[in-house]
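Please open the model below in your viewer and keep the selection panel at hand. The tour goes from whole chains to single residues, with a stop at each selection.

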Amino acid sequence: MTTAPTPVPASASAAQSGGGAPGPATPAPTASARTAKAPRPGRRRAGRGHAWLAALPLLLFFVIGFGLPAVAIAIGAFTTSSDAPDGGGTFTTANLTASLQGAYWTALWGSVKLSLLTALIATVVGLPLAQAVATSRFRMFREAVMSASGVLANFGGVPLAFMFVATLGNSGEVTKKLGLTAHGWSLYTFSGLSVVYLYFLVPLMVITITPALEGLRVQWREAAYNNGATSLQYWRHVALPVLLPSLLGGFVLLFGASFAAYATAEAMVGSSVPLISMQIGDALSGNVLVGQGNLALALGLDMIVVACLVMAVYLPLQRRSAKWLA
Amino acid sequence: MARLIDRIRFGRGLVLLLCGVYFAVPLAASLYFSVDDNKGGTTFRAYTELLNAPGFTDSLVLSLELAGVTVAVLLLLLVPAMLAARLGAPRLRPVIEVLCSLPLVVPVVALTTGIIGVLRWGPDYLQDTPFFQTIVAIQDPGFPIVLIIAYVLMALPFAYRAIDAGLRGVDVVTLVEAARNCGAGWLRAVLTVVLPNLRSALLNAAVLTVALVLGEFTTASILGFAPFSVWISSNGKSDGQMSVAVSMLSLLIVWLVLLLMSAVGRGRKAARS
């Protein structure tokens, strides 16, 4: 899964978007420019027609590439599959019901639990780490950590899984050296997977929260200390309330990244830890009962619903935090 | 006060140390694992045999081809649309922004289920129509076009943000008007004036996309194609040491690319000021 790079505050600059309107956008200072102005409105309008055309390929691509799969999910999730006894295509809610029961419900709940836990830990660990780095006196160190975070945050997937197998797997170097297996350690469990996920979630948190930390004014801290506040009181009453929207936004982003992750778990634990993305992969490879071919689509719909809920929380938070960073 | 500062320094040191250990140990252990011959010595077998491993070059070439075509398609679709939204059709802008954010809401696995759903329409309903041939054609294992569609969608949000950030720093409207006042046509104004100003943003978008395509595993593996990431996974199950070696190499490559990118960006900034 690709994790989102640093969110960019979405405050549109109205001046630029309105700039295309005809009128006194550019004052014409010289006579030659003024005479050249005459044929302009017509050409402008022609340009405007072209403007819509230029966006047409993207829109078309989107309809085909995104619209069709979305329709396929929406239709498929609510109809019987083609290998069903009735020949398929009739309306049913059985797929959706089945996708929320038994092993599938366990997997969905497992995914949510894993994502909540790892996102929470990564937030709690990422904040002090980002603070320690952001307030460091060494510019080189700050830049090195930020660039390393950029790499590691995008370093999900198969290589990450193999790295941890080599480190903490059953015959991993650290496992062998410290005899961790004797202490009951196994990488291929819920907690093992959490340790692995943190490897890309913590850097992601550092990238996300650093702009907010840099937005904390030194004056606020000085003012708090001058008024006799302790360090704890400063964080409790000044810094954390300001950071809260960014922190929550970051938490939600991490939840989404962890929830959607597939490759790491697939390459590492197979299906020994129940996760919804694994179940979908299984169901898509035909690993379901006859007549339940559309179950995977219903599971996909479940995932989209959860992800939509997450985004519905994230977007307003991001807008709020953007206010402070201005 | 001095004690307070000491405590803060101590806390900072502790946090950095713990995190440093957590992030450094897997790297070091993997590196060691990839050269450990299990008899106490070192061997570079995993790295030297890599080139001769069956499927290594094929899958790598396929991945690189996919990455190249994805970048080309993505930029050809996105750049004209975004420029059009800035220059002539401001009402398009929110539409494009929403469209480009939508793929973020759909987890890749879910998108893949949708794609499989569409591909199944082929044998199910479209057997006698030309669409069937199209659906077969885009699944050619030698060059799966369906993966490009999926990758372009996945990369859209990131590429959009990168290019949007670049557009914010450049007053496109003024640039184009200036060029047109000097007698350039629309196409020429865009090609010779606007695009060179967006070079670093385009580069940024391209690099993000390449990194995404090279690392993408979910869609390719579920749809049954074999680009590089899938090869690492299947090969790793038979030869653990080599797979770790490849993992280390891929991390190194991403790191180098990002460093190179920031170096290019810094160089340009320095040249401008």
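What follows is a sequence of selections, each with a description of what is found there.

This is a predicted model, in which local features need pLDDT of at least 70 and side-chain atom pairs count only at pLDDT 80 or more, while totals for chains, interfaces and linings use all residues. Residues are numbered from 1 along each chain as its sequence is written, and chains are lettered from A and ligands numbered from 1 in the order in which they are written.

**Confidence**

Begin by colouring by pLDDT, the predictor's confidence in each residue, from 0 to 100. The model as a whole scores ipTM 0.81 and pTM 0.79. Chain B averages a pLDDT of 83, with 92% of the residues scoring at least 70; the average in chain A is 77, and 78% of the residues there score at least 70. Now select residues 1–47 of chain A, over which the pLDDT is below 50, although this stretch has 59 contacts in the model beyond near neighbours in sequence; two residues are in contact if their C-beta atoms, placed from the backbone, lie within 7 Å. Where pLDDT is low, the predicted coordinates should not be read in detail. Among the elements of chain A, helix α1 (residues 14–17) of chain A has the lowest mean pLDDT, 36, and helix α5 (residues 102–134) of chain A the highest, 91.

**The two chains**

Select chain A as a cartoon: there are 14 helices and zero strands, where helices (H or I, at least four residues) and strands (E, at least two) are DSSP runs, numbered from the N terminus. Of its 326 residues, 41% are buried; a residue is buried if 20 or more other C-beta atoms lie within 10 Å of its own, exposed if 12 or fewer, and partly exposed in between, with C-beta atoms placed from the backbone. Among contacts in chain A between residues at least 6 apart in sequence, 75% join residues at least 24 apart.

Move to chain B, which has 13 helices and zero strands, and in which buried residues make up 41% of the 273 residues. Its C-alpha trace spans about 75 × 70 × 35 Å along the principal axes. The radius of gyration of chain B, taken over C-alpha atoms, is 24 Å, whereas a compact globule of 273 residues would have one near 19 Å, by the rule of 2.2 Å times the number of residues to the power 0.38.

**Where the chains meet**

Show both chains together and select the contact, which takes 73 residues from chain A and 80 residues from chain B. On the side of chain A that touches chain B, the largest share, 19 residues, comes from helix α3 (residues 40–77) of chain A. That side divides into 48 nonpolar, 23 polar and two charged residues, where Ala, Val, Leu, Ile, Met, Phe, Trp, Tyr, Cys and Pro count as nonpolar, Asp, Glu, Lys and Arg as charged, and the others, Gly among them, as polar.

Which residues of the largest nonpolar core touch the most other members? Of its 161 residues, they are A:Leu201, A:Leu254, B:Leu78, B:Ala81, B:Ala84, B:Ala159 and B:Ile163; a nonpolar core is a set of buried Ala, Val, Leu, Ile, Met, Phe, Trp, Tyr and Cys residues joined through C-beta atoms within 7 Å. Helix α7 (residues 145–168) of chain B gives the most to this core, with 17 residues. Centre next on A:Leu254, which, not counting residues up to four places away in sequence, touches A:Ala119, A:Ala122, A:Thr123, A:Leu201, A:Leu204 and A:Met205.

**A helix pair in chain B**

Select helix α3 (residues 56–87) and helix α4 (residues 92–105) of chain B, whose axes come within 8 Å and cross at roughly 145 degrees; axes are lines fitted to C-alpha atoms, for helices over the stretch in contact, and angles run from 0 to 180 degrees between N-to-C directions. The contact is made by B:Ala81, B:Met82, B:Ala84 and B:Ala85 of α3(B) with B:Leu92, B:Arg93 and B:Ile96 of α4(B).

**Two residues to compare**

Zoom in on B:Trp231, in helix α12 (residues 228–236) of chain B. B:Trp231 counts as buried because 23 C-beta neighbours lie inside 10 Å, and B:Trp231 touches B:Gly55, B:Phe56, B:Ser59 and B:Ala226, not counting residues up to four places away in sequence. Seven of the nine residues of α12(B) are buried, so this helix is largely enclosed by the rest of the structure.

Finish at B:Thr192, in helix α9 (residues 186–197) of chain B, which is exposed, with 11 other C-beta atoms within 10 Å.
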